[in-house]
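Visitor: I have a structure to go through. Could you take my questions one at a time?

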Amino acid sequence: MNNPLVSIIMGSTSDLPVMEKACQFLNDMQIPFEVNALSAHRTPQAVERFAKEAEARGLKVIIAGAGMAAALPGVIAASTILPVIGVPIKGMLDGLDAMLSIIQMPPGIPVATVGVNGAMNAAILATEMLALSDADVAQKLAKYKSTLGKKIEKANHELAEIKYEYKTN
């Protein structure tokens with residue numbers, strides 16, 4: 001197995017139901033990845049060590065999911081030059097607290113942020129970043145994106161089959 005190119009980090013394993021969508025997408029794209037639980041508040045030294053060693057380990061992108069205070073993506077971004085994609089996880093306040101914690105980073109410490117529970121979009125964004133320098137990944141991503149319209153066309157056809165007395169289409 002290849003060394004991981006993407007690292008998926010979550011604050012605790014309770015975040016796995018959200019983050020597994022990122023795992024599945026990267027797996028489907030055949031992109032080597034790793035998954036770990038690290039807490040910015042409960043294991044701060046481990047988070048800093050992970051972030052500082054990430055580039056030397058060959059990682060290219062980090063996806064970090066966190067809820068509530070959601071410090072994890074920013075703490076990682078503060079200790080690496082790798083791109084970090086934050087996934088706010090719905091908890092209190094429907095995830096608004098996590099989203100604001102992730103997107104409101106100070107100048108010099110950017111964290112790309114997807115929508116609440118948007119782990120799949122985080123994986124797609126990570127794949128787009130990898131595709132900039134990997135033609136094989138770019139081809140797989142283009143194939144995936146070409147299927148998106150077909151899903152909507154199928155859904156629209158299914159909607160056309162639903163009958164109501166006053167429905168005109």
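The questions and answers below go through a predicted model.

Visitor: How many residues of strand S4 are buried?
Guide: Strand S4 covers residues 84-89. The strand is mostly covered. The buried residues number 6 of its 6.

Visitor: Which residues of S4 point the other way from Val84, Gly86 and Pro88?
Guide: Val84, Gly86 and Pro88 point one way from S4, and they are buried. The residues on the other side are buried too. They are Ile85, Val87 and Ile89.

Visitor: In which sense do S3 and S4 pair, and what is the bridge partner of Gly65 in S4?
Guide: Strand S3 spans residues 61-67. S3 and S4 pair over 6 bridges, in the parallel sense. In S4, the partner of Gly65 is Val87.

Visitor: Through which helix does the chain cross from S3 to S4?
Guide: The link is a β-α-β crossover, and it is right-handed. Its helix takes up residues 72-77. That is helix H3.

Visitor: Which residue of S5 stands opposite Gly86?
Guide: S5 consists of residues 112-113. S4 and S5 run parallel, joined by 2 bridges. Opposite Gly86 in S5 stands Thr113.

Visitor: What is the hand of the crossover from S4 to S5?
Guide: The chain leaves S4 and passes through helix H4, residues 96-103. From there it reaches S5. This β-α-β crossover is right-handed.

Visitor: Where does UniProt place the feature "binding site"?
Guide: The annotation comes from an unreviewed UniProt entry. The lining of the largest pocket includes the residues it names. They are Ser12, Asp15 and Arg42.

Visitor: Is Asp15 buried or exposed?
Guide: Asp15 sits in the loop between strand S1 (6-10) and helix H1 (16-28). The cut-off for buried is under 20% relative accessible area. Asp15 has 9% relative accessibility, so it counts as buried.

Visitor: Which residues does Asp15 touch, not counting residues up to four places away in sequence?
Guide: One contact is Gly65, whose bridge partner in S4 is Val87. Another is Ile89, a buried residue of S4. With those neighbours up to four places away left out, the list is Met10, Gly65 and Ile89.

Visitor: Is Arg42 buried or exposed?
Guide: Arg42 lies in the loop between strand S2 (33-37) and helix H2 (44-54). Not counting residues up to four places away in sequence, it touches Gly11 and Ser12. Exposed means over 50%. The relative accessible area of Arg42 is 65%, so Arg42 is exposed.

Notes
Residues numbered from 1 in each chain as written. Predicted model: local features only at pLDDT ≥ 70, side-chain atom pairs only at ≥ 80, totals over all residues. Heavy atoms only, no water. Buried < 20%, exposed > 50% of the residue type's maximum accessible area, 1.4 Å probe, protein only. Helix = DSSP H or I, 4+ residues; strand = E, 2+ residues; numbered from the N terminus. Pairing = 2+ DSSP bridges. Right-handed = clockwise from strand over helix to strand, strands pointing away. UniProt positions renumbered as here; feature names shortened; annotations may be inferred. 1 Å grid on protein atoms, 1.4 Å probe; cavity = no way out; pocket = protein on both sides within 12 Å on 5 of 7 lines; lining within 4 Å. Contact = heavy atoms within 4.5 Å.
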